[in-house]
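Visitor: I should like to understand the reasoning behind the terms used for a protein model. May I put some questions to you?

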Amino acid sequence: MHKPKIFIAGLLAILGLGVGITALATPTWTATASAKTTKTTTPSWKQPSEAKAYPNLKKHKQAFIKVSIAKQRVYIMASRKKVLYTMICSTGKKSSPTPTGTFHIQNRGTHFYNASSKEGANYWTSFKYWGTYLFHSVPVNAHGKYIASEAKKLGKRASHGCVRLRVADAHWIYSHVPYKMKVVIH
């Protein structure tokens with residue numbers, strides 16, 4: 001009975017459930033059908049962008065999010081010049097650009113799927129038009145599985161206008177960034 005517990009713990013760690021999102025950054029052990037134990041590594045696009053801890057926004061009341069389309073980065077800013085955390089992202093393609101300007105965090109949710117684009121995502125947080133322009137994870141297919149080929153595009157313009165993030169980064173924004181926080185995109 002010990003091996004199924006290892007498999008379930010590994011599965012929960014990959015999904016970021018039960019043991020917390022920090023489990024995404026660690027290797028997991030799973031039992032295979034032949035009852036051997038193998039080591040698997042979580043892909044980088046599921047892990048946080050930086051090795052350091054995410055910032056505690058309760059200590060930074062004036063924090064805001066800055067998105068650089070040119071650098072394909074999301075910055076959690078303490079002030080105009082002080083960066084607390086940097087995330088790798090993918091903004092909109094030239095044919096479907098991410099809007100520029102100053103916005104504010106609106107609503108959020110755990111999952112969506114758009115049948116017309118045949119893509120969805122997890123951990124979405126809206127910054128414009130109440131669900132039209134979002135921060136969200138790398139895309140998922142109709143079955144909720146992450147699309148690895150799309151995840152490999154992080155750092156390049158690739159979205160339909162939203163800001164795609166690594167899974168752990170999208171989860172952190174979804175879980176920690178407060179309603180009405182300022183978002184500056186340039």
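Guide: The questions that follow concern the terms applied to this predicted model.

Visitor: What pattern does the chain follow along the sequence?

Guide: The chain contains 3 helices and 11 strands. Read along the sequence, their pattern is α-β-β-β-β-β-β-β-β-β-α-β-α-β.

Visitor: Why is His-136 called buried or exposed?

Guide: The term buried requires a relative accessible area under 20%. His-136 has a relative accessibility of 5%, and therefore counts as buried. This residue lies in strand 9, which covers residues 133-137.

Visitor: Which residues does His-136 touch, not counting residues up to four places away in sequence?

Guide: Contact means that heavy atoms lie within 4.5 Å. By that criterion His-136 touches Phe-112, Ala-121, Asn-122, Tyr-123, Trp-124, Cys-162, Val-163, Arg-164, Leu-165 and Ala-170. One of these, Cys-162, has a relative accessible area of 11% and is buried.

Visitor: How do you know whether Cys-89 is buried or exposed?

Guide: The relative accessibility of Cys-89 is 0%, so Cys-89 counts as buried.

Visitor: How many disulfides does a search of the whole structure find?

Guide: A disulfide requires a pair of cysteine sulfur atoms within 2.5 Å. The search of the whole structure finds 0 disulfides.

Visitor: What makes strand 3 largely enclosed by the rest of the structure?

Guide: Strand 3 spans residues 64-68, and 4 of its 5 residues are buried; it is therefore described as largely enclosed by the rest of the structure.

Visitor: How do you know that strand 3 pairs with strand 4?

Guide: Two strands pair if there are at least two bridges between them. Strand 3 and strand 4, the latter being residues 73-77, are joined by 5 bridges and run antiparallel. Within strand 4, Val-74 is the bridge partner of Val-67. The hairpin of these two strands has 4 residues between the strands, and there Gln-72 takes a positive phi near 55°.

Visitor: How many bridges join strand 3 to strand 11?

Guide: There are 3 bridges between strand 3 and strand 11 (residues 182-185), and these strands run parallel. As at least two bridges are required for pairing, strand 3 and strand 11 also pair. In strand 11, Val-67 has Ile-185 as its bridge partner.

Visitor: What can be said of the chain as a whole?

Guide: Of its 186 residues, 44% count as buried. The accessible surface of the chain comes to about 10200 Å², and 57% of that belongs to carbon and sulfur atoms. Among contacts between residues at least 6 apart in sequence, 59% join residues at least 24 apart.

Conventions: Residues are numbered from 1 along each chain as its sequence is written. This is a predicted model: local features need pLDDT of at least 70, side-chain atom pairs count only at pLDDT 80 or more; totals for chains, interfaces and linings use all residues. Side-chain values use heavy atoms; hydrogens and water are left out. Buried means under 20% relative accessible area, exposed over 50%, partly exposed in between (1.4 Å probe, protein chains only). Accessible areas come from the Shrake-Rupley method with a 1.4 Å probe; for residues, only the protein chains shown count as cover.
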